[in-house]
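Reader: I am in my first year and still learning how to look at a structure like this one. Could you take me closely through one part of it and then connect that part to the rest?

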Amino acid sequence: MAFQEIIGHKTVVELLKRALVNQRVSHAYLFAGSKGIGKEFTAIQFAKTLNCLELVDDSCGECRSCRKFRDVSIGAHNHPDFKIIHPIENSISIDQIRELQKDLIYKPYESKWKIYIINDADLMTLEGANSLLKTLEEPPNYVVIIMISSRKESILPTVISRCQVMRFHKLSREDMRDYLMKERELENLDLEEIILLSEGSIGQALKLVEDEQIWDYRKKVFDLLVNLTDKSNLEIYEFIQSLKIGKDLTQWNELFHLIKIFYRDLLILKNMNSKDYLINQSYFNDMQQLLNQYSGEDLDKVIKLLERTNNIIMSNVDRELAFEVMLHKIRARRM
């Protein structure tokens with residue numbers, strides 16, 4: 001039963017079920033919400049249910065169609081009427097959209113629906129988005145396109161207007177705790193810290209459980225921030241080079257998010273003097289030592305500077321230079 005496997009998102013699941021039962025399935029959806037909270041997984045379960053040969057409001061898991069969905073989660077499946085489109089080198093090109101359009105003119109091979117998932121739809125080029133718009137205006141009656149995005153504001157408004165928008169919210173701490181306790185062995189990891197750091201994202205939580213390098217990376221970044229006032233220009237430059245991010249926008253966004261929650265915690269500690277509301281609770285002592293170096297106004301300006309620089313880095317600029325200038329400004333606290 002596909003929908004039973006979805007963690008949280010009860011409102012979204014209920015709306016999708018209602019559309020199935022009432023036979024009012026839209027030809028275009030936009031699943032919008034934070035990264036890693038289950039949008040793609042929900043889209044796959046919806047697609048699986050749409051083409052189930054036995055049930056209407058869920059999938060049986062056993063029919064010919066359902067069996068062909070079994071390996072989708074690991075990137076492999078053999079369902080001829082289902083495709084997932086991923087960005088290539090940080091963008092979804094017009095050529096990818098044209099391939100989709102060439103494919104969808106053919107009726108389903110063995111199912112009622114041909115279903116396309118477009119991951120990170122906000123990374124469509126302008127040409128690709130305008131090309132897709134033509135399809136969304138007059139889609140074949142057997143096609144369902146599900147776009148997935150954690151940056152809805154970056155998608156053309158005209159594209160959004162032709163989609164049914166499903167808003168996904170961050171998972172509750174209770175949902176996160178239940179899932180992790182049932183499904184994962186945490187060994188020496190702190191469950192509550194993982195829940196706080198993942199901020200309602202199962203995807204991020206699983207990364208924290210499975211990848212030790214994330215913890216090493218976090219320590220490396222936070223050690224720089226804790227000692228930033230003592231770092232020379234050369235040390236800051238060498239730190240940036242050691243990150244080896246290059247042009248990967250996903251990694252840049254993850255880095256900025258990591259730094260932002262550090263300064264967000266510092267601001268909370270400045271205003272409330274309590275550990276209870278911190279995300280990075282294991283850095284409580286380090287942050288206490290930094291409190292005298294920043295005023296509340298300083299920290300407000302740091303967070304705004306982070307947001308401005310993150311936006312700049314999303315455009316075609318020298319990203320490493322922009323990041324280096326930002327660190328110099330934070331060190332000097334002249335924003």
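Let us start with a cysteine: is C66 buried or exposed, and what is its relative accessible area?

Author: Keep in mind throughout that this is a predicted model. C66 has a relative accessible area of 0%, so this cysteine is buried. The limit for calling a residue buried is under 20%.

With a cysteine, the next thing to ask about is disulfides. A disulfide is a covalent bond that joins the sulfur atoms of two cysteines. This structure has zero disulfides. For C66, the nearest cysteine sulfur belongs to C63 and is 3.5 Å away, and C66 is in no disulfide. The cut-off for a disulfide is 2.5 Å between the sulfurs. C60 can be checked in the same way: its closest cysteine sulfur is in C52, at 3.7 Å, and that is too far for a bond. In accessibility, C60 counts as partly exposed, at 22%, whereas C66 is buried at 0%.

From the cysteines, go on to charged side chains. The model contains 16 salt bridges. R64, K68 and E110 are linked in a network of them. Another salt bridge joins the side chains of K114 and D103, with 3.1 Å from N to O. K114 belongs to strand β3 (residues 114-118) and D103 to helix α4 (residues 94-104), so this salt bridge ties together parts that are eleven residues apart in sequence. Although its side chain is charged, K114 counts as buried, at 5% relative accessibility.

The strand that holds K114 leads to the sheet. Strands in a sheet pair through backbone hydrogen bonds, and the pairing is either parallel or antiparallel. Here five strands form an open sheet in the order β2-β3-β4-β1-β5, and the pairing is parallel. At the edges are β2 (82-85) and β5 (164-167), each of which pairs on one side only. On average, neighbouring strands of this sheet are turned by 15° against each other, direction ignored. To see one pairing in detail, look at β2 and β3, which run parallel and are joined by four bridges. F82 has I115 as its bridge partner in β3.

Now move along the chain to the aromatic side chains. The count of aromatic pairs is ten. One of them is F222 with F262: the ring centres are 4.9 Å apart and the planes stand at 50°, so this pair is tilted. The partners come from distant parts of the chain, since F222 is in helix α10 (residues 212-226) and F262 is in helix α12, 40 residues apart. Is either ring open to the outside, or are these residues buried? F222 has a relative accessible area of 0% and is buried. F262 also counts as buried, at 0% relative accessibility. F262 has a further partner in Y263, and that pair is edge-to-face, with 5.3 Å from centre to centre and 85° between the planes. Y263 is buried as well, at 0% relative accessibility. These three residues belong to one aromatic cluster made up of F222, F262, Y263, Y283 and Y294.

The helix that carries F222 also holds a salt bridge. K219 and D223 form it, and their closest N and O atoms are 2.7 Å apart. The two are four residues apart in helix α10, so about one helical turn separates them. Both ends are partly exposed: K219 has 45% relative accessibility, and D223 has a relative accessible area of 28%.

Just after Y263 in the numbering come R264 and D265. Their side chains meet in a salt bridge at 2.6 Å, N to O. The two ends do not fall in one class of accessibility: R264 is partly exposed, at 31%, while D265 counts as buried, at 0%.

A last stop lies beyond the end of helix α12. S274 sits in the loop between α12 (249-272) and α13 (284-290). At 17% relative accessibility, S274 counts as buried. The S274 side chain reaches the backbone nitrogen of D276 at 3.2 Å.

To return to your starting point: C66 is a buried cysteine, and the structure around it holds zero disulfides.

Key
Residues numbered from 1 in each chain as written. Predicted model: local features only at pLDDT ≥ 70, side-chain atom pairs only at ≥ 80, totals over all residues. Heavy atoms only, no water. Buried < 20%, exposed > 50% of the residue type's maximum accessible area, 1.4 Å probe, protein only. Polar contact = N/O pair within 3.5 Å; in protein donor to acceptor, adjacent residues only side chain to side chain. Phe/Tyr/Trp six-rings, centres within 6.5 Å; stacked < 30°, edge-to-face > 60°. Salt bridge = Lys/Arg side-chain N within 4 Å of Asp/Glu carboxyl O. Pairing = 2+ DSSP bridges. Axes fitted to C-alpha atoms, helices over the stretch in contact; angles between N-to-C directions.
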